[in-house]
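Subject: Model handover, with notes on the sheet and its helices

Dear colleague,

I am passing on the model we spoke about, and my notes follow directly below it. Please read them with the structure open beside you.

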Amino acid sequence: MNIKITGSGSYIPTRIVTNLEFAQHEFLGEGGKPLPYSNEEVAEKFKQITGIEERRYVDEDLLTSDIAYFAAQRAIDDAKIDPETIDYIIFAHNFGNVKSGAIQTDILPSLASRVKHSLKIKNPKCVAYDILFGCPGWVEGVIQAQAYIKAGMAKRCLVIGAETLSRVVDPHDRDSMIYSDGAGASIIEATDEEGGILAHETASFTHDEAYFLFFGNSYNVTHDPDVRYIKMYGRKIYEFALTNVPLAMKDCLDKSGVAIEDVKKVLIHQANEKMDEAIIHRFFKLHKKTPPEGVMPMSIHKLGNSSVATVPTLYDLLIKGQLEDQEIQKGDIVMFASVGAGMNVNAFVYKV
């Protein structure tokens, strides 16, 4: 028995927001101090570091659970399965449903329950639950699905990663330019086909790192102090990721028994282009190698950082031939990896 991704789907919002659209924002530093440079300079430096040119935001009438349902239905259709045969729906997100203009999240009922309802699944033995695991949530959901299948508790799981980060960002914080909205979903199931998940690795670093990402006040001191926004210590996260992600990836690859020369693609959380490039170089350096050209497909330039949705969306675009100059074939070895709030790091090695 092997455990494979048998179907995938994604939802990419239609609203495109370019860097130029942030020109009218009043960006501030901590304590409400104006930044010492223009918005044009902020945008240019931002693009150089992150690689982001534009991002996608959902329409005002859509919620995280809505776009998750769209991606889930596409994954089900792609796998050509009866949704009533799904044993688990595992939904990774971080902020629940936040309505446009609202200041409160809604996670009652769970977003997984809402997706199951939207899919019209009647089977009560289809268990639906949410996980909060930072940006690595979808990867961890796949690892959990594999565990259920290995334990004989499930044969087929639906794993979703979706987020509407545009509704939890501080418009006065330049870091708000990083975040975007989106959803990705996958069917994970037991199969007699060769390949599948070969090894996995997960770690949580909380002693000094737990609050590298947190909910905090707006940099505009006149804003309601009871309204919180996603905040981060970018430099600390960058240094943490460069140290810990390559090591986790190496541990995972070592457990799989796969040689690094056989890794065709590395699908890494789309957080920051420069950071991801540095992680890949360090990972290959641990094996005394240099990364081959094209080993790391990227979607961040046009889609931004949609947290848990970045990796499943990237996989869906890649497997369906929608990434320019990128492709994977049956039998290829792909490594999935992510890092995010918690601070959590994870990875798995997969044979297509």
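In this predicted model, helix 3 lies across strand 4, strand 5 and strand 6, and its direction makes an angle of about 140° with strand 5. Within helix 3, which spans residues 111–118, the buried residues are L111, A112, R114, V115 and K116, and what covers them includes helix 2 (64–79), strand 4 (88–92), strand 5 (127–131) and strand 6 (156–164). Just after the end of helix 3, K120 adopts a positive phi of about 60°.

The contact with helix 2 can be described in some detail. Helix 2 and helix 3 pack at an angle of about 50°, their axes being 9 Å apart, and helix 2 is therefore oblique to helix 3, since that angle falls outside the ranges that count as roughly parallel, antiparallel or perpendicular. The crossing of these two helices, helix 2 and helix 3, is right-handed. On the side of helix 2 the contact is made by T64, S65, A68, Y69 and A72, which meet L111, R114, V115 and S118 of helix 3; sorted by class, this contact of helix 2 with helix 3 comprises five nonpolar, three polar and one charged residues.

Turning to the sheet, it is open and has five strands in the order 1-7-6-4-5, with mixed pairing. Strand 1 and strand 5 are its edge strands, each of them pairing on one side only, and neighbouring strands of this sheet are turned against each other by 20° on average, direction ignored.

Strand 7 (residues 181–191) has 10 of its 11 residues buried, so this strand is largely enclosed by the rest of the structure. Strand 1 (residues 2–11) runs antiparallel to strand 7 and is joined to it by nine bridges, with T191 in strand 7 as the bridge partner of N2. Strand 6 also runs antiparallel to strand 7, and nine bridges join these two strands as well; here T164 stands opposite D181 in strand 7, and E163 stands opposite G182 in strand 7.

One further helix belongs in this account of the sheet. Helix 4 (residues 137–150) lies across strand 1, strand 4, strand 5, strand 6 and strand 7, and it runs at about 165° to strand 6.

With best regards

Terms used:
Residues numbered from 1 in each chain as written. Predicted model: local features only at pLDDT ≥ 70, side-chain atom pairs only at ≥ 80, totals over all residues. Heavy atoms only, no water. Buried < 20%, exposed > 50% of the residue type's maximum accessible area, 1.4 Å probe, protein only. Helix = DSSP H or I, 4+ residues; strand = E, 2+ residues; numbered from the N terminus. Contact = heavy atoms within 4.5 Å. Axes fitted to C-alpha atoms, helices over the stretch in contact; angles between N-to-C directions. Parallel < 35°, antiparallel > 145°, perpendicular 65-115°, else oblique. Left-handed = near helix turned anticlockwise from the far one by under 90°. Nonpolar A, V, L, I, M, F, W, Y, C, P; charged D, E, K, R; others polar. Pairing = 2+ DSSP bridges.
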